[in-house]
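This report describes the fold, the cores and selected local features of one protein chain. The sequence and the structure are shown first, and the discussion follows.

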Amino acid sequence: MNAAPLRQRPTAAAFAASLLLSGSMTSMADCEVHSGAKTSALVELYTSEGCSSCPPADAQLNALPEALAADAEFVPVALHVDYWDYIGWKDPYAKTHFGERQRWLAGFSQQLVYTPQFFVGGDELRGWRVRLRDQVQAVNARPAAAAIRIHATLAGDAALALRVEATASTTAGPAALFLALAENGLASTVTAGENTGRTLSHDHIVRSWIGPLALADGGVHWTGELPIPAHANRAKLEVVAFVQSAQSGRVLQALSAHQCATSGAPLSE
């Protein structure tokens with residue numbers, strides 16, 4: 001499904017980036033992780049339950065571990081947009097600011113905004129059915145231009161307490177960090193619109209979003225809480241993170257720390 005083409009290049013003020021730490025929140029007591037020397041590929045899917053062509057892309061994101069090389073480093077996120085809600089089905093996971101972020105990213109190459117649309121490392125990926133594996137490998141081949149460290153603990157039933165440090169190369173220019181919480185194992189039975197009668201399964205759906213957190217003088221230190229959505233299955237939550245250039249849209253580093261949830265020990269990627 002296609003929307004209108006972009007005419008205006010986005011500004012740094014419209015910038016968005018994200019951080020992802022994934023795993024079972026119920027088994028994580030106290031955990032610290034940090035990123036490694038190579039760039040982990042942020043794989044963003046812009047999708048909608050009101051879009052009949054989106055379910056295959058949703059399935060592709062769900063199956064990334066099987067689709068990519070065994071040594072691939074990647075951080076998947078599904079951002080549901082609300083601009084198709086008017087055609088009959090209101091996507092329960094959609095947020096207006098995800099569509100704004102999509103337009104910001106697409107503006108760097110003056111591309112259309114549409115669903116399903118993949119971005120890998122901040123760059124749009126056409127032909128994702130055959131090119132996703134190679135694009136992730138290309139991102140992994142780049143030395144990381146930023147570093148992320150996360151300390152996470154549960155703060156009761158309603159939030160995850162985070163202490164986050166991010167730094168970026170001085171040659172990378174203005175950059176920012178975003179924080180997100182995603183959930184796996186979600187499903188919807190659609191009763192209207194293009195997917196009427198279908199039951200849709202989802203992983204990596206972003207539920208909470210904080211930022212942008214600008215890197216001042218090449219770094220940022222953030223302490224706070226990331227809300228856990230009401231009725232969320234805590235065993236299937238992911239907390240997530242990345243640093244992104246405000247000038248080019250390129251992702252400088254992404255961090256997936258799902259190992260923390262099972263071991264509880266400090267790990268590096």
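Contacts between residues 24 or more positions apart make up 77% of the chain's contacts with a separation of 6 or more. The model in which these contacts occur is a predicted one. Its secondary structure consists of five helices and 18 strands. The chain has 269 residues, of which 54% count as buried. Its accessible surface amounts to about 11000 Å², and carbon and sulfur atoms account for 51% of that area.

**Nonpolar cores**

The largest nonpolar core contains 29 residues, and the members touching the most others are Ile150, Leu162, Val164, Leu177, Leu179 and Val243. At least two residues of this core come from each of β3 (30–34), β9 (146–155), β10 (159–168), β11 (175–183), β15 (219–227), β16 (237–245) and β17 (251–255). The greatest contribution is that of β10, with five residues. Another core, of 26 residues, lies apart from it and includes Cys51, Val75, Ala182 and Val251.

**Strand β16 and its partners**

Nine of the nine residues of β16 are buried, so this strand is largely enclosed by the rest of the structure. In a regular strand the side chains alternate between the two faces of the sheet. In β16, Leu237, Val239, Ala241, Val243 and Ser245 point one way, whereas Glu238, Val240, Phe242 and Gln244 point the other way, and all are buried.

The strand β16 runs antiparallel to β11, to which nine bridges join it. Within this pairing, Ala176 has Gln244 of β16 as its bridge partner. The strand β16 also pairs with β17 in the antiparallel sense, over four bridges, and there Phe242 has Ala254 of β17 as its bridge partner. The hairpin of β16 and β17 has five residues between the strands, and Gly249 in this hairpin takes a positive phi near 80°.

A further antiparallel pairing joins β12 to β13 over four bridges. Leu186 has His202 of β13 as its bridge partner. In contrast to the two faces of β16, which are both buried, β12 (residues 186–189) has a covered face with Leu186 and Ser188 and an uncovered face with Ala187 and Thr189.

**Aromatic pairs**

The whole structure contains seven aromatic pairs. A pair of aromatic rings is described by the distance of the centres and the angle of the planes. Two of these pairs are set out below.

| Pair | Centre to centre | Angle between planes | Arrangement |
|---|---|---|---|
| Tyr83 and Trp84 | 5.4 Å | 70° | edge-to-face |
| Phe98 and Trp209 | 5.6 Å | 70° | edge-to-face |

The pair of Phe98 and Trp209 links distant parts of the chain: Phe98 belongs to helix α3 (residues 96–107) and Trp209 to strand β14 (residues 205–214), 111 residues apart. Both Phe98 and Trp209 are buried. Tyr83 has a relative accessibility of 18% and therefore counts as buried, the cut-off being under 20%. Trp84 is buried at a relative accessible area of 7%. Ring pairs also connect Tyr83, Trp84 and Tyr86 into a cluster.

**Helix α1 and the loop containing Ser48**

The buried residues of helix α1 (residues 55–62) are Pro55, Ala57, Asp58, Gln60 and Leu61. Their cover includes β4 (41–47), α2 (64–67), β5 (74–80), β7 (117–120), α4 (128–140) and β13 (199–202).

Ser48 is located in the loop between β4 and α1. With a relative accessible area of 2%, Ser48 is buried. A polar atom of the Ser48 side chain lies 3.0 Å from the backbone nitrogen of Gly50. Residues up to four places away in sequence aside, Ser48 touches Cys54, His80, Val81, Trp84 and Asp91. Trp84, one of these contacts, is also a member of the ring cluster.

**An exposed position in β14**

Is Ala214, in strand β14, buried or exposed? Ala214 has a relative accessible area of 55% and is therefore exposed. Apart from neighbours within four places in sequence, Ala214 is in contact with Ala175, Ala176, Gly219 and Val220. The C-alpha atom of Ala214 is separated by 9.9 Å from that of Gln244, which is 30 residues apart from it along the chain.

Conventions
Residues numbered from 1 in each chain as written. Heavy atoms only, no water. Buried < 20%, exposed > 50% of the residue type's maximum accessible area, 1.4 Å probe, protein only. Contact = heavy atoms within 4.5 Å. Areas by Shrake-Rupley, 256 points an atom, 1.4 Å probe, with all protein chains shown as cover. Phe/Tyr/Trp six-rings, centres within 6.5 Å; stacked < 30°, edge-to-face > 60°. Core = buried A, V, L, I, M, F, W, Y, C linked by side-chain atoms within 4.5 Å. Polar contact = N/O pair within 3.5 Å; in protein donor to acceptor, adjacent residues only side chain to side chain. Pairing = 2+ DSSP bridges.
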